[in-house]
Amino acid sequence: MKASPEAQLRLLELADLDAELGRLEHRRRGLPEHAELDRLEQRDAQLRDAIASLEAEQGDLRRAQTKAEADVEQVRTRIDRDRQRLDTGQVSSPRDLENLQSEVASLTRRQSDLEEVVLDIMERQETADGRRQAAAAERLTIAGDRDTVTARRDAALAEIAEQAGKAADRRASVASQEPADLLALYERMREQHGGVGAAALRRGRCEGCHLSLNTVDLNNIRAADPDEVLRCEECRRILVRTPESGL
């Protein structure tokens, strides 16, 4: 393939622009704000699940408290009824009197136990509510952090997009000056070699694979016409001669 030395040198400018675009894309994908936002989203999801679980637990505790308070009230009513029978002398038989007094004592113990249950449920409710409020407060903090990080990320993305747009415009301008067959070869090499389609020959070394050429290859390059499009024998990239080639 033939191409003017000027067209071949422009490939190096094209390669530099492609490298710049690659660096910008790598920077865009690797912005620390992406990872920070992911972490905040994960934590927020954990807190949402925790709040839902605590709300369900509080619902169960409220129902348990209602039942326990109803049980206390039922026992208290029976105690009041039995004490009224004792106080008004409705029971005259010593045996019945003893049984009724025993029942009042048993019901009093039962009432005390049930009241302990109510207190325990209330304490558990208070603990669950405190945890729910703490989780809700943390979610508010996360929402603020997320807004801050999002704004920072968007600013960085806008800056990268601006730089990439300028580089893309320069690339289009340079590419438009290249012969179609040379540009097609460059694009094929770029696809095959991780985005680097052309490399300079500097001081007898290919800047693409960073290997020094042997004497035979260098002599062949010296003998080649200036418009001959050369390829590195090692990596097969387009090899561009420069004033620093050491020929």
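R236 is partly exposed, with a relative accessibility of 34%. In this predicted model, R236 sits in the loop between β3 (230-231) and β4 (238-241). The backbone of R236 has a positive phi of about 70°, although the residue is not a glycine. Most residues other than glycine have a negative phi.

H210 also has a positive phi, of about 60°, and is likewise not a glycine. H210 belongs to the loop between β2 (205-206) and α5 (215-223). Its relative accessibility is 47%. H210 therefore counts as partly exposed, since the value falls between the 20% limit for buried and the 50% limit for exposed.

These loops belong to a chain with five helices and four strands. The order along the sequence is α-α-α-α-β-β-α-β-β. Four helices thus precede the strand pair β-β, and a helix and another β-β pair follow. Helix α1 covers residues 5-29. Helix α2 covers residues 32-87.

The overall dimensions depart from the globule rule. The radius of gyration is 42 Å. A compact globule of 247 residues would have a value near 18 Å. Along the principal axes, the C-alpha atoms fill a box of roughly 135 × 35 × 25 Å. Of the 247 residues, 31% are buried. The chain exposes about 15,100 Å². Carbon and sulfur atoms supply 48% of that area.

Contacts were also sorted by sequence separation. Among contacts with a separation of 6 or more, 76% join residues 24 or more positions apart. Charged side chains number 40 positive and 50 negative. The centres of the two sets lie 2 Å apart.

Helix α1 holds two of the residues examined, D18 and R28. D18 has a relative accessibility of 9%. D18 is therefore buried, as the cut-off is 20%. Its side chain makes a polar contact with the side chain of R171, at 2.4 Å. Leaving aside residues up to four places away in sequence, D18 touches R171, Y186, R190 and G195. R171 thus appears both as a polar partner of D18 and in its contact list.

R28 is partly exposed, at 35% relative accessibility. The side chains of R28 and E25 are joined by a polar contact of 2.5 Å. With residues up to four places away in sequence left out, R28 touches H34, L157 and I160. The C-alpha atoms of R28 and V117 are separated by 58 Å. These two residues are 89 residues apart along the chain.

Q58 provides a view of helix α2. Q58 has a relative accessibility of 7%. Q58 therefore counts as buried, being under 20%. A polar contact of 3.2 Å links the side chain of Q58 to the side chain of R132. Beyond residues up to four places away in sequence, Q58 touches Q125, A128, D129 and R132. R132 is accordingly found in the contact list of Q58 as well as in its polar pair.

Methods:
Residues numbered from 1 in each chain as written. Predicted model: local features only at pLDDT ≥ 70, side-chain atom pairs only at ≥ 80, totals over all residues. Heavy atoms only, no water. Rg over C-alpha atoms; globule rule 2.2 N^0.38 Å. Buried < 20%, exposed > 50% of the residue type's maximum accessible area, 1.4 Å probe, protein only. Contact = heavy atoms within 4.5 Å. Areas by Shrake-Rupley, 256 points an atom, 1.4 Å probe, with all protein chains shown as cover. Lys, Arg positive; Asp, Glu negative; His and termini not counted. Charge placed at Lys NZ, Arg CZ, Asp CG, Glu CD. Polar contact = N/O pair within 3.5 Å; in protein donor to acceptor, adjacent residues only side chain to side chain.
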